[in-house]
Amino acid sequence: MNILHNHDLTQSTGFKTPLHVRKYILIEHEKDIETIPAFGNDIPLIIGGGTNYLFVKTEIDSAISYTGSEITVIEDSNLTSVIRVGAGKVWHEFIIEMLDNGLFGLENLVLIPGTVGAAPVQNIGAYGREVAESIQTVHGIQLSSGMRVSLSNEQCQFTYRHSIFKTKDWNDFLITHVDFLLQKIEYPMAHYPDVQAYFTQQEIHEPHCLDIAHAIMDIRQRKLPDPSIIGNAGSFFKNPIIDISTYQTLKSTYPDMPSYPVDDKTVKIPAGWLIDKAGWKGFRHNGAGVHEHQALVLINANDAFGADIYALSHMVQNSILTMYGITLEPEVNIIA
Ligand code: EPU
């Protein structure tokens, strides 16, 4: 265990807004887990890379991270492998290592910023896949009691950009390892419109998983700002799920509004389209901005503070509520 005092966290947060932590506890190895004390009610903020947080304030009292990035094969058969990964492993690097070893299933999730430990929390997803489809077990520690707990996929209660780890009762749960069930046979998923269009244009008719990974890296690099250059946390809001009758009313006013079916009562509307149509693309507020190529992404355009990005997010939310009667929910974790 390593404890850093008055540590500057600015560069490790997604938005790269000024942030100091008074006490930062780093759990670096599996063997250190035993030394983690029970924190009772005094729980440090759990940071799994910090990429999906917006820090409105510039200083926090205490934070904790599991930074171990070990990879172990837990089970191996002709068709599948179960791989245990330390929460500190960089997500994109992990996928590339798995693909290099002929293990498939995560290729649609390349280049999502952050760590392995953060992936289950908001059930990261992109281009037609969600990480929940490949997670077998999540291991961690309940920091209040110091107890080690393992949850099966079902117990994680994964839904769209949500899991049990986002609920209040589990906000003291430090994820240390994730077990992934990966395939040795390729089941490429190329149905997402942007991916399909890419392969049509490249004249690739039967893409392999590796082709998918390359296509998605290319698409993301064109559309989304690189967080190592421009601070951002990917999609700032979730795509809202609305009932069919509200959808039909809106569709008569906005015939070009895209939608994805959810079930027979609801549809999902791309928040990026709503925000774009409302004219926000490229808008700036102090140093905060709405990205030029993807309106769902708020950025630190020019030395913004967390509070500037937060204020901009409220301006966007209010405008979308007024224009369409839809409340946008943040996808990023806001630490106010
Ligand atoms: N659109 C616009 N203008 C925009 C942005 C989008 O008109 O500025 C339209 C697009 O033309 C398209 C639709 O909205 O018709 C959907 O856009 P896109 O395919 O870019 O995806 P998204 O729904 O905005 C979601 C995820 C992304 C993920 C992409 C690709 C959420 C909240 N976001 O975005 O995830 O990469 O699909 O699968 O579900 C993230 O969570 O951080 C993230 C980047």
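This is a short conversation about a predicted model and the ligand it holds.

Modeller: Before we start, the model is predicted, so local features need pLDDT of at least 70 and side-chain atom pairs pLDDT 80 or more, while totals for chains, interfaces and linings use all residues. Residues are numbered from 1 along each chain as its sequence is written, and side-chain values use heavy atoms, without hydrogens and water.

Colleague: Happy with that! Which residues come nearest to the ligand?

Modeller: Tyr127, Tyr160, Tyr192, Asp276 and Glu331, out of 24 residues around the ligand. A residue is near a molecule or strand if one of its heavy atoms lies within 4 Å of it.

Colleague: What makes the pair between tyrosine 127 and the ligand a polar contact?

Modeller: The term asks for a pair of N or O atoms within 3.5 Å; within protein, one must be able to donate a hydrogen and the other to accept it, and residues adjacent in sequence count only if both atoms are side-chain atoms. A backbone N or O atom of tyrosine 127 is 2.5 Å from a ligand oxygen atom, so the pair falls within 3.5 Å and qualifies. Serine 235 also uses a backbone N or O atom, at 2.8 Å from an oxygen atom of the ligand, whereas asparagine 239 brings a polar side-chain atom to 2.9 Å from a ligand oxygen.

Colleague: How much of the ligand's accessible area does the protein cover?

Modeller: The protein covers 83% of the 820 Å² that the ligand has on its own. Such areas come from the Shrake-Rupley method with a 1.4 Å probe, and for residues only the protein chains shown count as cover.

Colleague: Why do you say that the ligand lies between two domains?

Modeller: Because domain 2 (71-183) and domain 3 (231-335) both give residues to its shell. The bounds come from an automatic or database domain assignment.

Colleague: Why is cysteine 156 called buried?

Modeller: Buried means under 20% relative accessible area, exposed over 50%, and partly exposed in between (1.4 Å probe, protein chains only). Cysteine 156 has 0%, so it is buried, and cysteine 209, also at 0%, is buried too.

Colleague: How many disulfides are there?

Modeller: The count is 0, where a disulfide is a pair of cysteine sulfur atoms within 2.5 Å.

Colleague: And aspartate 303, is that residue buried or exposed?

Modeller: Exposed, because its relative accessible area is 68%. Its phi is near 50°, a positive value in a residue other than glycine. Asparagine 123 also has a positive phi, near 45°, but asparagine 123 is at 0% relative accessibility and therefore counts as buried.
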